[in-house]
Structures are given as C-alpha cells and as structure tokens.
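Student: I would like to go through this model by salt bridges, cores and helix packing. Please begin with whatever definition the later answers depend on.

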Amino acid sequence: MMVHLRLWRRFVLQAVVRETHYRAHFLTTLVVGLVQLGVGIVPTLLLFGFTQEVHGWTRAEVIALVGVFQIVTGLLATFIAPNLNRMTAYLTEGELDVVLLRPVSSQFYLTLRWVNVAELSNVASGIVVLVLGLAQSGVTPSVPEVLQAVVLVVCGLVLLTAVWSAMAFLAFWLQSVNPISGVFLGLVEAGRYPLAFFPVAVRTFLTFAFPVAFATTFPVRALSGDLGWGPVGLGVGLAVLGFGLARLLWRRGLLTYASASS
C-alpha cells in the first residue's frame, strides 16, 4: 500500500510540473469550468423564480447541490477521466503489455496514472458555490454532519469510479468503449439535480444501479442535517462491493487478453 501511495504522489508531482509548462491550459480549463457551472445554476434560478420550494428543496439547497456536483465532477476529471479514457488505446496499441510488466498493480496504474491538475480549479469553484448555497439557506453544519457529507462524497466517487471502470474494462471484449464513456458522462449529469425531482424508478436506479446520489444528493442532505448514519453505512458497503466487482471484472478481462504487440 505504501509503495502505491508513494508512486501516486510521484504521478501528482509530475502532473504539477507538466501544468507549469502549459499555463494557458489551466486558464482555459478554469474558464470552461466556470461556464459549465453557470449553465448548471441558470436552470435552478429559472425554476425557483416561480416557486420557493420543489419537493422539499429550496433554491439555496439546490445551489449547494450544484456546488457538490461541480466538486465531484472536478475530482473525476482530475484523477479518473484522464486514465479511463485511455483504456481503448492501452488495449489496441499494446501499451497494456508494458503496464503488466511493471511491479505494481496494473489496475491501480491504469486507473490513477495520469492526473489533470487544471481540473482542480473546478473543484475550488464548486467549494465556493457550496459555501454560498449553505450560507443562503442559513445552514451551519455540525462536525458530524460534515463528516457524513465527506464520507458520502468519497463513497460516491468510489462507486462512480467502479462503474466507469467496469464500463471501460468492457474494452477487453468490445475493443472500443469510447461511446460507453459518453453514456457514463451523460448519466452523471443526473447528479446535478436532487434525487427527489425524479420518479421512484429513476431514484432507485440513481441510488443502486448508477449510484450518483451518494456523490451529490445525499451529501447535501447530510449537511442540512436531514440524513442519519444509515445511508452513510449503506454507501460504505456499496463502495466496498463496487470496488470488489470492478476488481473481479478486471481480472476476468486479463484472462481473455491477448497481447496487441505480439
């Protein structure tokens, strides 16, 4: 474990060095992120221009939710997307052969090797929007509530990474999974809105099949004091299960892998 942590720290340091050589990329990412954030807030402002509350959610709470969504998508874009988007190239161009020869977990390497530091600007803007939303709602979370929210966000990130990894690992059988990644990103957009806004069947899907609710809706409810430790425990259990299933799929895929460079 310590070896992998030290290695990941080196990955991050290398990414920071690369980013210092391309400062324009950082500024471009920041501008694009702010535009996306604005696009996410505008529908909320329009909706709550006609009402004070929708399915138990106020405008301030939904703005806080948009902030959490920006944080989660920013973290995915920083640490996960640069890697899983390369999955097809790893398999078709023979790069996986080199990875398998390294004295580290191949799944770890393929999932966390590349880091896009510029996307952390979106995480920062998301934190600002979250704080503004909580301030407007008059909510002051307690330490246990903040802890619940942090644990839920981590569980949500693990679950979303497990789902995206499972989709990416289908490349062992489908060769190209780029369209599937597009489907994943489209489904993630549902996390921009409260779970209560959807029909019951969709809520179930977004909680258990595609668990984006653990990354967005549940953390905001925790910060508002409307959530107990039960959903937190459920999130931890599902995160462990999701990681295990993704690990099994990876190993199953390796059994079918034939070197692309041989």
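Tutor: A residue counts as buried when its relative accessible area is under 20%, as exposed when over 50%, and as partly exposed in between. The structure is a predicted model.

Student: Is glutamate 61 buried or exposed?

Tutor: The cut-off for a buried residue is under 20%. Glutamate 61 has a relative accessible area of 11%, so glutamate 61 is buried.

Student: With which arginine does glutamate 61 form a salt bridge, and at what N to O distance?

Tutor: A salt bridge requires a side-chain nitrogen of Lys or Arg within 4 Å of a carboxyl oxygen of Asp or Glu. Here the glutamate 61 side chain is paired with that of arginine 221, at an N to O distance of 3.8 Å.

Student: Why does this pair tie together parts that are far apart in sequence, and by how many residues?

Tutor: Glutamate 61 belongs to helix α3 (residues 59–84), while arginine 221 belongs to helix α12 (residues 217–223). Arginine 221 is itself buried, with a relative accessible area of 16%. Because the two partners sit in these two helices, the salt bridge links parts separated in sequence by 160 residues.

Student: Which residues are joined into one network by salt bridges that share partners?

Tutor: Aspartate 226 also forms a salt bridge with arginine 221, with the closest N and O atoms 3.0 Å apart. Aspartate 226 is partly exposed, at a relative accessible area of 49%. The shared partners give one network made of Glu61, Arg221 and Asp226.

Student: How many salt bridges are there by this rule?

Tutor: Another pair is arginine 192 with glutamate 189, at 2.8 Å from N to O. In that pair arginine 192 is buried at 11% relative accessibility, whereas glutamate 189 is partly exposed at 36%. By the rule used here, the count of salt bridges is 3.

Student: Which residues have the most contacts inside the largest nonpolar core?

Tutor: In soluble globular proteins, nonpolar side chains tend to be buried together. The largest nonpolar core in this model has 66 residues. Those with the most contacts inside that core are Met87 and Leu96.

Student: Which residues does methionine 87 touch, not counting residues up to four places away in sequence?

Tutor: Contact means heavy atoms within 4.5 Å. With residues up to four places away left out, methionine 87 touches Leu110, Ala168, Phe169, Ala171, Phe172 and Trp250.

Student: How many residues are in the second, separate core?

Tutor: Ile41, Ile63, Val66 and Val129 are among its members. The size of this second core is 5 residues.

Student: Are α2 and α3 roughly parallel or antiparallel to each other?

Tutor: The axes of helix α2 (residues 23–47) and α3 come within 10 Å and cross at roughly 155°. Angles over 145 degrees count as roughly antiparallel. Therefore α2 and α3 are roughly antiparallel.

Student: Which residues of α3 make the contact with α2?

Tutor: The crossing of these two helices, α2 and α3, is right-handed. On the α2 side the contact is made by Gly33, Leu37, Gly40, Ile41, Thr44 and Leu45. On the α3 side the residues are Arg59, Val62, Ile63, Val66 and Gln70.

Student: With which residues is serine 125 in contact, leaving aside its neighbours within four places in sequence?

Tutor: Serine 125 lies in helix α7 (residues 120–137) and is buried at 11% relative accessibility. The C-alpha atoms of serine 125 and glycine 67 are separated by 7.6 Å, with their positions 58 residues apart along the chain. Leaving aside its sequence neighbours within four places, serine 125 is in contact with Leu34, Leu37 and Gln70.

Student: Which residues is glutamine 148 in contact with, leaving aside neighbours within four places in sequence?

Tutor: Glutamine 148 is in helix α8 (residues 143–169). At 5% relative accessibility, glutamine 148 counts as buried. Beyond its neighbours within four places, the contacts of glutamine 148 are Ala222, Leu227, Gly228, Trp229 and Val232.

Student: At roughly what angle do the axes of α8 and helix α10 cross?

Tutor: α8 passes α10 in a right-handed crossing, and the axes come within 9 Å. The contact involves Leu160, Val163, Trp164 and Met167 of α8 with Ile180, Ser181, Phe184 and Leu185 of α10. The two helices, α8 and α10, are roughly antiparallel, and their axes cross at roughly 160°.

Key
Residues numbered from 1 in each chain as written. Predicted model: local features only at pLDDT ≥ 70, side-chain atom pairs only at ≥ 80, totals over all residues. Heavy atoms only, no water. Helix = DSSP H or I, 4+ residues; strand = E, 2+ residues; numbered from the N terminus. Buried < 20%, exposed > 50% of the residue type's maximum accessible area, 1.4 Å probe, protein only. Core = buried A, V, L, I, M, F, W, Y, C linked by side-chain atoms within 4.5 Å. Axes fitted to C-alpha atoms, helices over the stretch in contact; angles between N-to-C directions. Parallel < 35°, antiparallel > 145°, perpendicular 65-115°, else oblique. Left-handed = near helix turned anticlockwise from the far one by under 90°.
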